[in-house]
Structure formats: structure tokens, C-alpha cells
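Trainee: Could you walk me through this protein, starting with the overall picture and then one helix?
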Amino acid sequence: MAQTEFPPLKNDLILKAAKGEPTERVPIWIMRQAGRYLPEFQEIRSKHDFFSVCQTPALASEVTLQPIKRFDLDASIIFSDILVLPQAMGLTIEMVPGTQGPILPKPLKDPTDLVRLVHPNVEKDLKYVGDAITLTRHKLEGKVPLIGFTGAPWTLMSYMIQGGGSSTMTKARQWLYKYSEDSHKLLQLITNVIIDYLVMQVKAGAQLLQVFESHSDFLNDELFEKYSFKYLKEISDKVRQRLKEENIPEVPMIAFPKGATMNSLEVLAKSKTYEVLGLDWNVNPIEARKRFGSEITLQGNLDPCALYASEQEIADRARDMAIKFGKTRYIANLGHGILPDIPITSVAAFIKGIHSV
């Protein structure tokens, strides 16, 4: 689907901010904005299991549009899951009711299990994501840009070995020390699939890409540089190279290394590998701006739990945060995904606070 066939974009604030161009106001979107806190999402989930929603373009598109219809947001993000990639690579993923997050019943136990992985034909095996993106671009009618995304290699690797979420990621981190060579082999396999996947999303109509390195908090500076940054850089470089080769306009890219140390964040920021650096709620906006400079756009980073405060306090905190980051090269967001029981009025207050700057 050629980009030119889509409706013209009416609100390009987030794209301007990502490129460092001046914006008349601070753009805002919210991680997991299409999700469980919305009653209209719960209604769809009462009839369809999670991965059915991801794998049915009409449903994924409908869910993606729900927050855009309800709130004055400046971007939409396609409804999907980072674990559709390990799924396409041959691993089983289950959403078990009553458990925290997804479960991989047969994780990779040691390097001999690498033979179980396949390099999927992304255009075919993950076509449902591309179809959902194309459909959503048309249904958005140019109202706001559409973000595509993926999990980063280390984050996906850690799920594939750990078998689910963990407070320590011991099994996955063990690989980095015990099987260093095989860890790089696995990370490279995942990286190659991610590059195909992101290029496919841009071809389908994604106007921005976010790479979620959700498990950076398990890596010290040495491990981050060796097992995360190396592959984040390769993804950015090769996605851009492939788009250029195929005569497709480049799109801005966001890296979100949740829990990374300030030193690791600085390595990523100073590399200029990504136009935008997403920050979690533990990072001080003023210090971030001072250390990372004005050459990179920053995104974030209100504590998701701050949305439990009163509406007035939420609006005040949002405004204060935006002032600290500064209006230039800034995209407002939470410091991680929105929580399932956040009141809808709190989301409206957050947006209102940002838009008041």
C-alpha cells in the first residue's frame, strides 16, 4: 500500500517534535492508550481472547481508534503485542486468566533449544499487523499519525528464556554470562526478524516506530552496551537502510529503554541512533535535558501511578513536567504503560495539563 494513497495528515505535531522542529504545543500520547482501562475495550475483550484481537485487523483497528475517539491525543499506536514476534518465531504464548501477563509454557532452557526457532516470513506470518496498520491509517482519516512498534531484542530474548515476567530475570541474565556467544546468536536472530517487521510496518503505513526495551532495568552499563545498545543501533541503521533501498520515506524512531541507567541512556542519546528517547518515571527531566543535550527529542515520563491523584493534581503535575522538559524537542507521555484501573477522568486531566503549557 503506497503512503500516498492515505488521507492527508491534519495533525503532525508529534512528527515535528520527533524531528526537532518547533511545535505550537506539546504533543501527547500514552503508552497502552488502547487497553484495559477503557470500558469499550473491555467489551471487545469479553467476546474475544487477547491474541484474537491482535490477529484480527478489524478488531485491532477498532481498539486502536477507541482512545482517539475519546481523547484529544496527538498520536495513535497500533494495538498489538511485543510477543507476536516470538510467536511467529515458533514459540507458544498463552494469556492465562488470573496470572500476571503472558506465559511461554516451553521457554528456551539452554542453547540447544535455539534449533526450535524459525525465521518467519514476516510479510506473510505477521501480515495481520500490516493489514491492521493499513486499515487504521484509512480509518484515522489523517486525524493523527499512527505509531508502529516492536519489542527490542534483549526484552524478547528475556521473555523467551524466562517463560514470562519476572522480578529478577535470573534465567535470562544467566545466559549472558554462561552462554555469551549463544546469547549474541539469539539476539541476532531476533534482530533480523525485527528489522523485517519494522520495515513491513512502515510499508503498511506506520508513520513513527517505537522500540520497547522494557527490561533494561536488568542490565548494568556493561551489559546494556553489549547486549542491548549494539542491537538497538543495528535495528535503527538497517531499517533506515532498507527503506532507502526500497525508495520509502524514512520515519522517526523512538527507543524506550525502561529502567536503563543514566549512563546507558546517555550512550543511546549521544549516539543519535534514534530521533526520540523515551524515559521512565525515575528519570529527572531537568537532569535528562542537561545530560542528553538538545540534539535529541525526549519522551515521557509521568509516573503512571500519579494518575491515581486528584484531577487537579494530575493536571498540575503534567504541566510542571512539560515545563521542566521544555516545549522544544519534547513528547509528553507516561513513564510506562497506563494501568488497567486508571479512571478515564484522570487521563483527560493529564492531557488537559499538558495542553495548558
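Mentor: We will go from the whole chain to a single helix. This is a predicted model, in which local features need pLDDT of at least 70, side-chain atom pairs count only at pLDDT 80 or more, and totals for chains, interfaces and linings use all residues. Residues are numbered from 1 along each chain as its sequence is written, and side-chain values use heavy atoms, with hydrogens and water left out.

Trainee: How many helices and strands are there?
Mentor: The protein has 15 helices and nine strands, taken as DSSP runs (H or I, at least four residues, for helices; E, at least two, for strands) and numbered from the N terminus.

Trainee: And what share of the residues is buried?
Mentor: Buried residues account for 57% of the 357 residues, where buried means under 20% relative accessible area with a 1.4 Å probe, protein chains only.

Trainee: What radius of gyration does the protein have?
Mentor: The value is 19 Å, which agrees with the figure near 21 Å for a compact globule of 357 residues; the radius is taken over C-alpha atoms, and the globule rule is 2.2 Å times the number of residues to the power 0.38.

Trainee: Switching to helix H13, which of its residues are buried?
Mentor: In H13, residues 285-292, they are Pro285, Ala288, Arg289 and Phe292. Seen down the helix axis they fall within an arc of 95 degrees, so they line one face of H13, the arc being that of the directions from the axis to the C-beta atoms.

Trainee: What do they pack against?
Mentor: The buried residues of H13 pack against helices H12 (262-271) and H14 (311-325), and against strands E7 (276-278), E8 (297-302) and E9 (330-334), with contact meaning heavy atoms within 4.5 Å.

Trainee: Which percentage of contacts joins residues at least 24 apart?
Mentor: Among contacts between residues at least 6 apart in sequence, 75% do.

Terms used: Buried < 20%, exposed > 50% of the residue type's maximum accessible area, 1.4 Å probe, protein only.
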